[in-house]
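Thanks for sharing this one with me. Here are a few notes to read alongside the coordinates.

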Amino acid sequence: MFFIPSLYSSWYHWLVVESHWPEMLFYGFVMTLTTAISFFGLNLLLLVVEKFNLFSSQRIRRPPSTRPASPEFVREAWMYCLALHVLQIVTVPPLLDLFRQRGTDFNAPITDFSFGTIALHCVFAILVEDFLFYWLHRILHHRSIYKYIHKMHHQFASTVGVSVLWAHPIEVTFAFVIPALAGPYILKTPFSIILFWMTIRVSETVDAHSGYTFKWSPWEMFQSIQGGAERHDFHHSRNIGSFGSFTKFWDWLYGTDKQFNAWLLKKERLVAAEENLQATN
C-alpha cells in the first residue's frame, strides 16, 4: 500500500477523516498490515514448498536425531503469530507516537525519495539491527534468564518459518521490535521507508528460520558476510553460538561462531554416519 500513494491517501481519508480514527492508530494498522502480508505471505509460500516437496535439494540436511516440529505444534505457532499481529494493532500506535515526537515524516510516500535515500536508511537500519540483535540475543541465552524467556523460542529445535515469532512477548519486544526500529528512530526515517525496511527485516528472518538454503535468496548470496539459514538452524538445534542476524560479523569478532564452523567442516560425515546407524537399527 505504501508503494501506491493514491491507495494510501484513500485509506487515510476513509479511516482518519471520515471514520475519525486517531492518526497513530491508522499508522499502526498500516504497519501491522504490511508486516502481516510479508510474514504470512512468505510462510504460505513455504507451506507450498513443504507440501509439494519443492526445492528438496536445498532443504537443510539435519541429523535424524534432530526432532522435527509436530504438525500440531506448527498449527499452534500459526495461531500464536496471528494473535501477535492482532495485538500489534493496539501496541504499535504508542510506539509510533514516539517517532512522531522525534519528527518522523508520516505523510510522504516512498515514491518521493530517491533510491540512494532509501538505501541509506535501510543500510543504516541493518547495521543497527545487526549490532543490537546480536547482543540482546546473546543476553537472552544467559543461564540466569534463558529458561524464563528465550527457552520458548528454542522449543523449535528444527526451524520453520512461523517459528520466527514463537517467542515470549518480552523477547518479541526486546529482540525483534527494538533492534528493528532503533535505526529508523535514530535517523528519523520517513514512515513509508520504515514500512519498506520492515518488509526487508521480516523476509530476512523468515528466510533464516525457513529450514532451506535457497540459492536464489538475497540472504544467501554473500556467504562470506551473511548469516544465512543454515547458521541459524544450527543455533536452534544446538542451542549455542551464532547469535547474529543479517551478518556474521559480530559472531566472527567475538568468536561465537566457532562451534558452527567446526560443525560445518564435519557435518556431512556426521549426518551420514547417523543416518547409517539409524538405518541399521
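1. Let me begin with Gln155, which is partly exposed because its relative accessible area is 36%, a value between the 20% limit for buried and the 50% limit for exposed. Please keep in mind that this is a predicted model.

2. As for its place in the fold, Gln155 sits in the loop that links helix 4 (115-140) to helix 5 (169-187). Beyond neighbours within four places in sequence, Gln155 makes contact with Arg67, Phe73 and Trp166. The last of these partners, Trp166, lies 11 residues away along the chain, and the C-alpha atoms of Gln155 and Trp166 are 8.6 Å apart.

3. Helix 4 itself deserves a look. Its 26 residues span 36 Å from first C-alpha to last, close to the 38 Å expected at 1.5 Å a residue. Which residues of helix 4 are buried? They are Ile118, His121, Cys122, Ala125, Ile126, Val128, Glu129, Asp130, Phe133, Tyr134, His137 and Leu140. You will find charged side chains on that list, Glu129 and Asp130.

4. What do the buried residues of helix 4 pack against? Their partners are helix 5, helix 6 (191-208), helix 7 (229-238) and helix 8 (249-254).

5. Now to the surface. A nonpolar patch there is formed by Val48, Phe52, Leu54, Phe55 and Trp216, with a combined accessible area of about 510 Å². One of its members, Phe55, belongs to the loop between helix 2 (23-51) and helix 3 (71-102). Phe55 counts as partly exposed because its relative accessibility is 36%.

Definitions and conventions:
Residues are numbered from 1 along each chain as its sequence is written. This is a predicted model: local features need pLDDT of at least 70, side-chain atom pairs count only at pLDDT 80 or more; totals for chains, interfaces and linings use all residues. Side-chain values use heavy atoms; hydrogens and water are left out. Patches are made of residues with over 30% relative accessible area and no salt bridge: like charges are joined within 9 Å, nonpolar side chains (Val, Leu, Ile, Met, Phe, Trp, Tyr) within 5 Å. Accessible areas come from the Shrake-Rupley method with a 1.4 Å probe; for residues, only the protein chains shown count as cover. A salt bridge is a side-chain nitrogen of Lys or Arg within 4 Å of a carboxyl oxygen of Asp or Glu. Helices (H or I, at least four residues) and strands (E, at least two) are DSSP runs, numbered from the N terminus. Buried means under 20% relative accessible area, exposed over 50%, partly exposed in between (1.4 Å probe, protein chains only). Contact means heavy atoms within 4.5 Å. The expected span of a helix is 1.5 Å times one less than its number of residues.
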